[in-house]
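Okay, thanks for coming, everyone. I'll put the structure up and then walk you through a few spots in it.

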Amino acid sequence: PSTAVVTSAPVDGPVVITATAEGQTATSSIDIVTFVRMSSGSNFSCGLTADGSAYCWGENTSGQLGDGTTISRGTPARVATETRFSAIASGTSHSCGIALNGFAHCWGLNTAGQIGNATTSNSLIPARVSGGHAFVSIAPASQSTCATTDTAEVYCWGRIPSTDPYGSLLPRIMPEPVQIGSGMVAVVASANSEYCSVDSAGLAYCWTLQYYYPFSGPVVPPIREPVSTNLHFTTVRVAANHACGLVQSGHAYCWGSQIFGQLGDGGGAATNQSTPYPVVGGLVFESLAVGSVAHSDIGGQMGGFTCGVTVGGKAYCWGSNYYAQLGSGPYNNGSVNSPQPVAGGINFTGLRAGADHVCGLAVGGAAYCWGDNSRGELGSTPSGPSYGPIYVFGK
């Protein structure tokens, strides 16, 4: 019988595979990378490798993959830049990364100036955000982006509306960063431009990027009162209609809409909760991810879902399962109001949720995704939803 020998170079870079069989030798070169961070947008995802290189996949109609094209990708594509990033985040149709020097770069849809490069033209490759600010966190939303500096200042750019004294909305486009607040050490965003931020004491604030101009008195800024004065959060995540956070003990609290079970209250809460409500089950989490999806079968009503990774690396999800984004097995087009284990038994280090899908990093750096895949957002050829994690790439 014939014998063959296959050898390859180490992973984490270009790999040359050499195969020898019956005296014939052939080589093939592929890229194998390991992700250390990930982000998910509405219908696309991105990841960072250990050396700070960025890759994205999924829908690319506005250049949100940053590869210099508008071609959607079913497999990860390298973002077209030599810049190395320490963090990456994705919004509805644009992404942003924080470079190793702290400067922010964004790419994708820019019709409202959400890229922050003083224009309103889409950018198919990363463009540096104007102003020369060094950021420590960044949060792209739909038509805006906000970020925090190492001095706890909050800057935003894109569509920043305000109201006049009569309550009329006055939309403004600010294509460069403007300071809208201070005292916040981190900020996160939802797809509909709602934000949450955390101060140095761990108090969480959730707000819409909108100023209010009263008949008299000072202008009311977007960031106002904390959601709770008793709970101090280490992590906060926000979606279109709910938010969740972790306190120092690792227990999760959620607030906002409960119509699809996304608060994880086990059925004990009212439909909506304006203050944080504990997630049932007593699980101790290391990280959280929240997402939302429009239910076309009930008039586009927005559904929410939440996922978390426990201290043991196990993933759980709860809320809307319209596109199987809970990853817990057979799709049932329903919802659950308590944490359910994600299928597959994979140990994760973190998760990120998009509009209708979830991606996670496994221990060792491999990426897995589940949920809707109509635009290739799971890192594979567009198809129907995946009921559990499928391998994207990495070791």
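First, some vocabulary: helices (H or I, at least four residues) and strands (E, at least two) are DSSP runs, numbered from the N terminus, and two strands pair if DSSP finds at least two bridges between them. Keep in mind that this is a predicted model, where local features need pLDDT of at least 70, side-chain atom pairs count only at pLDDT 80 or more, and totals for chains, interfaces and linings use all residues. Residues are numbered from 1 along each chain as its sequence is written, and side-chain values use heavy atoms, with hydrogens and water left out.

So, the sheet. Four strands make an open sheet, running E4-E5-E6-E7 with antiparallel pairing. E4 (35–40) and E7 (73–78) are the edge strands with a single partner each, so one side of each has no neighbour in the sheet.

Let's look at one pair there. E6, residues 54–58, is joined to E7 by three bridges, antiparallel. Tyr55 has Arg78 in E7 as its bridge partner.

Next up, a hairpin: E8 and E9, with three residues between them. E8 covers residues 85–90 and E9 covers 94–99, and they pair antiparallel over five bridges. Ala87, for one, is bridged to Ile98 in E9.

Last stop is Ser287, which sits in strand E26, residues 285–295. Is Ser287 buried or exposed? Its relative accessibility is 13%, so Ser287 counts as buried (buried is under 20% relative accessible area, exposed over 50%, partly exposed in between, with a 1.4 Å probe and protein chains only). And who touches it? Leaving aside neighbours within four places in sequence, Ser287 has contacts (heavy atoms within 4.5 Å) that include Leu246, Cys307 and Thr349.
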